[in-house]
Each structure stands twice: as C-alpha cells, then as structure tokens.
Amino acid sequence: MPGRRWVAKTPERVGPLAANTNEASASGDDLAIPSAVLAGLQAHAGALDGLRRGVEKESLRVRPDGRLSMRPHPPSLGSPLTHPQITTDFCEAQLELITGVHDTPEGCIAELEAIHRFVYQGLDDELLWAASMPCLVMEDDEIPVGRYGTSNIGLAKTVYRLGLGHRYGRLMQTISGIHYNFSLPEGFWPLYAELKGREADRDFITECYFALIRNFRRYSWLLIQLFGAAPAICRSFAHGGGHGLAGFDEGTLYLPGATSLRMGRLGYQSDAQSSLHISYNGLDSYAATMREALTHPYPPYEAIGVRHGDEYRQLNTALLQIENEFYGAIRPKRRIEPGERPLTALKRRGVEYVEVRCLDINPFLPVGIDAEQMRFLDAFLLWCLLAPSAADSPEESRAMQADQAAVVERGREPGLRLSGGDRDAWAAAILEQCALAADLVDRAQGGRRSSDAVRERRTHLDDPAKTPSAKVLEAMRSGRQPFFRFGLNQSERHRRWFNERPLPAAELVRHEQRATRSFDEQRRIEAASEESFDEFLAAYLAPPE
C-alpha cells in the first residue's frame, strides 16, 4: 500500500486466557508473539479480516456391510481426473471431496456439506466410512487403485498409485484424513511487513509461510492431542505382530491413551523416509533437499523396477516419485499450471498457502470437521506465523518425531513428558498464545467465536475425556461394540443425516452439470494427447527447477 504507514498503538485488551506462561521449559520468548507485532495488529484489526481456508476430505466408499466397495468411481459424480470438487485419492473407492477457498468457516462447512449431499444422491446403497482408519478391507493386492482415463496425465496418476502400493502397501493408502488449507488475506501483508521492517514482496511472504511451517512442525503434536480421533483399529488392519497394541475386544486393537494411530507406526509412516530431513529454513533449502529426494535412486525401489514387461510398476526409482509422496504433516503450496511440477511452481511464484495434513476425520461429525475446529486451527496457524521461529535442524526433526510418536500412542496419559518438558504445561503455554491470536481474529471479524474455540479446547486439555479419541473409546465401551461396528453405525447415521437434507433442485442441477462438464474436459485432454506415454513421462519427471 504505497504511501500508507501503519502505526502501532498500545493494546486496549489482552487475550481471554492471558496468564503466566512460564510453566513449561519450552515457553517464554520462543512461544510469545512479539509485543510490537501484537500491538500493531491489535491497533489495525482489519488487516486480518478475511482469513482464507479450504478443505480436502477423504472418505472410503463401503458396502452396506462395511466392506470396501469394489465398484468403480460412480459416473454420476463426474470424472475424477477433472472434476474440481470430487476426485479419488489412492484407490477407486477412496473419494476426495474438495471445497473452494472461503473467508468464513461457515461458508467452508456449507460447501463441504453440499458436496456430501450430492455424493450421497449418487451412491445407491453405499456409505462413506465415518472414520480415518479403515475396516474389513480385502487382501492388499485386491485393493483397486484409482483410474483416470487414457490420457498421459491420467495414466501417470494411476502409475504413481501403483508405485505407492509397491513401496508401502495398498492397505496403508486406504487410511483417510482431512487436509486444511490456510492463507492470510492480502491486506495483512503490508502491515505485517512494516511491523517487521521489511517490504511486503513475494520473498517476504514466502519466508513468513516457512516460519509458520517450522513452528507448526514443532507444535503440531498439540493438534493430535486435541483433535485425534483414531485410538483404535480393526484387527483386520494389523497383519502379523509387532504393532505393540493391546486388545480392546476380539475385533479391535487399541492403546488406552492413544489419540491418532493414523499418525503413528500403523499410519502414513515410511522407513525409507524416516531418515530424510527436509529443511524448511527457506524456499532454497526446502527445494534443494526435496530435489535430492526426487532425483537420487533408492536401492530398494530400484529392486522393484520401473516396468515389468509392458506394465509400469512406478514412475521412477527415486526415494520420492513426485513431491506429494513425502508424508509431511504440513506442506507449502502454490497452485500449479498444467504440466508444472509443484516445486517448480513454488520456485517461480513463491508460497501461496499451507496445507495441514495431520487431521483425523471426526466420526461424530457429518463431514468430519466443524466450524469451531476451523476457528481453532486458524488461531493456531496464525500464532505459528507470528511467533518467533528458529531455524530447524536434523536433530530437532528427530525430537519432533519423538514428540509426535509419544502423543499418538500416549497422548491422554497423565504426566506425559515431551522434548519441551511437561506436556500439559507446554500445551497450556501454547494455548495462551493461541488465545492472543484468536483475539486478533475476533477483533477483525467481530464477536468472540475464535476466542471461545480456544477456550473450549483448553477444557479438553484439562479433561481429556472430552477429546474425540476418548469419546470414540467411550462409545465403543458403552455400546459394547468393536471398532468396526462403531464405524459402521456412525456411517449409517451420517447417511441418514444427509438423505434427510437433499440438495434443492436447482443446486442439484448445477452439480450434475459440473459432473457432465468434467467428462467433456477429460475427453478433450485425451484427444489432445499426441506424444507417447514414455515421452510424456520423461518430460513430466524432468528434475524440477
């Protein structure tokens, strides 16, 4: 904003949970929003009006008996290659429902609910599985990977999924979750840059998002603690021993203090990636370490081979086939142009938003997430951006992995200690700062809903029985039902909820037209594919800039 100066004023009020935050060894200056930044944002609250968020929600299609559907992607839902809202993730039965960008949590939830309504009107007797962890799936090689037509890009998407199956097993890929996309409004950056003594250019914005990511990785264990909803799994999911879980009943394995087994050893984990340190100290270091993983052959994957006869088995033999294979809890993101690699887009145009990937589906909510959780996430992510953010290191990455593993398996265990000291004191210190960030959002939007969301989660810290993971176990105990029956019951409840709220006729027509247009777009792409798949793949996998 040329010619405009932002002047920080003395803050008129403090966050609703203001208190001494020196209880934990990791609290203090390394957690606190700098006073000058806080005062400046309090004085110019409008700069935070219009925080932007969107959701990508995965769900398995299952048969009425709870078993994984073997039907192909329903044609009534459109083309999974080109539909902007409805696609598939790993397998044909794993839907991914995608909202647009919204400036209110309510708007985002409303769109996600509308997409679910349309999907249910095209599912016949099938259900959307209400939990993150799957149940009653078939043998690994029987799980059908996603198919996207005959175009080169469609074939590449299928081969990538075949590669995931060979590398990690198809069963692991059926785990589902919620991805939360977050960005700051454009009006925020000029003020924040001035408060930091910088210019609000692309490099500054990108640096700020990487600072957010570093802090998120340090403290995301708190989100798993508060929102984890996968404390138990079907015995059918854990083949063999070595899982370290206890028996809940004859059909269920669990851990008494577990929060999100999806984020632990049984979830999206990779021995191959465990030693990989991706640096988030800036775009250059991130690109360099990611590029190495994308280009250097990995002997176990070389043993798999790229092809077996005429059939592709994976895209390449590098540690990562493409950028999306890296199992990070958060990613820097930028919308890509056709044929453009994600890393190239970041290098060319900088970070546009971040994608949070550590959220379980809440089986008690029709769409797996609600507006209150979004408000908490907004406050948490804003605090991660505003708080001091030191450079990361391989040593710190190992400590963060240990913290996450402890919270995944023992998060509701009293007296748990993490790398930052006592878990409860550290969490309380973080929540005090999140309360300040929530207060900033409330100043911009009016009301106290963001502050109330943080306050409510503080009660979940004090009383872990309120957390989703505890509620799942209590529902199973009180209903004397295994995880499978609990998941199926919740899935049936959600189907009834949506079926009782069908789309209005005009909105249904718009969704149907969008599905029809997606097939037209797929046919256009297939007709335009002139080069061979080998030629396409060579260009597609060329090292990113």
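**Entry 1: Tyr254 and the aromatic rings**

I began with Tyr254 in this predicted model and asked whether the residue is buried or exposed. Its relative accessibility comes out at 13%, which falls under the 20% limit, so I put Tyr254 down as buried.

I then looked up the ring pairs and found that the structure holds 25 aromatic pairs. One of them joins Phe248 and Tyr254, whose ring centres lie 5.2 Å apart; because their planes stand at 85 degrees, I recorded the pair as edge-to-face.

Following the rings further, I listed one aromatic cluster formed by Phe216, Tyr219, Trp221, Phe227, Phe376, Phe380, Trp383 and Trp426. I also checked Tyr148 for a charge over its ring, and noted that the charged end of Lys157 sits there, 4.9 Å from the ring centre.

**Entry 2: the second largest pocket**

I turned next to open space in the model. For the second largest pocket I noted a volume of about 320 Å³, and I counted 17 residues in its lining, with Arg147, Val159, Leu162, Glu311 and Tyr312 lying nearest the centre.

Which elements give two or more residues to this lining? I found helix H3 (152-168), strand E10 (311-312) and helix H19 (533-540), and of the contributions to this pocket that of H3 is the most, at 6 residues. Sorting the lining of the second largest pocket by class, I wrote down 6 nonpolar, 5 polar and 6 charged residues.

**Entry 3: the chain as a whole**

I stepped back to the chain, for which I recorded 19 helices and 14 strands. Its radius of gyration is 23 Å, and since the globule rule gives 24 Å for 545 residues, a value close to it, I noted the chain as being as compact as a globular protein of that length.

Taken along the principal axes, the box filled by the C-alpha atoms of the chain is roughly 70 × 55 × 55 Å. For burial, I noted that 59% of the 545 residues of the chain count as buried.

**Entry 4: Pro342**

Last, I looked up Pro342, which I found in helix H11, a helix made up of residues 342-349. With 28% relative accessibility, Pro342 lies between the limits of 20% and 50%, so I entered this proline as partly exposed.

How far apart in space are Pro342 and Asn324? I read 8.6 Å from C-alpha to C-alpha, for two residues that stand 18 residues apart in sequence.

Conventions
Residues are numbered from 1 along each chain as its sequence is written. This is a predicted model: local features need pLDDT of at least 70, side-chain atom pairs count only at pLDDT 80 or more; totals for chains, interfaces and linings use all residues. Side-chain values use heavy atoms; hydrogens and water are left out. Rings of Phe, Tyr and Trp (its six-membered ring) pair if their centres lie within 6.5 Å; planes under 30 degrees apart count as stacked, over 60 as edge-to-face and the rest as tilted. Buried means under 20% relative accessible area, exposed over 50%, partly exposed in between (1.4 Å probe, protein chains only). A charge sits over a ring if NZ of Lys or CZ of Arg is within 6 Å of the ring centre and within 35 degrees of the ring normal. On a 1 Å grid over the protein atoms alone, a cavity is a set of points where a 1.4 Å probe fits but cannot get out, and a pocket is an open set with protein on both sides within 12 Å along at least five of seven lines; lining residues have an atom within 4 Å of a point. Grid points are joined across faces, edges and corners, and a volume is the space filled by probe spheres set on the points. Helices (H or I, at least four residues) and strands (E, at least two) are DSSP runs, numbered from the N terminus. Ala, Val, Leu, Ile, Met, Phe, Trp, Tyr, Cys and Pro count as nonpolar, Asp, Glu, Lys and Arg as charged, and the others, Gly among them, as polar. The radius of gyration is taken over C-alpha atoms; the globule rule is 2.2 Å times the number of residues to the power 0.38.
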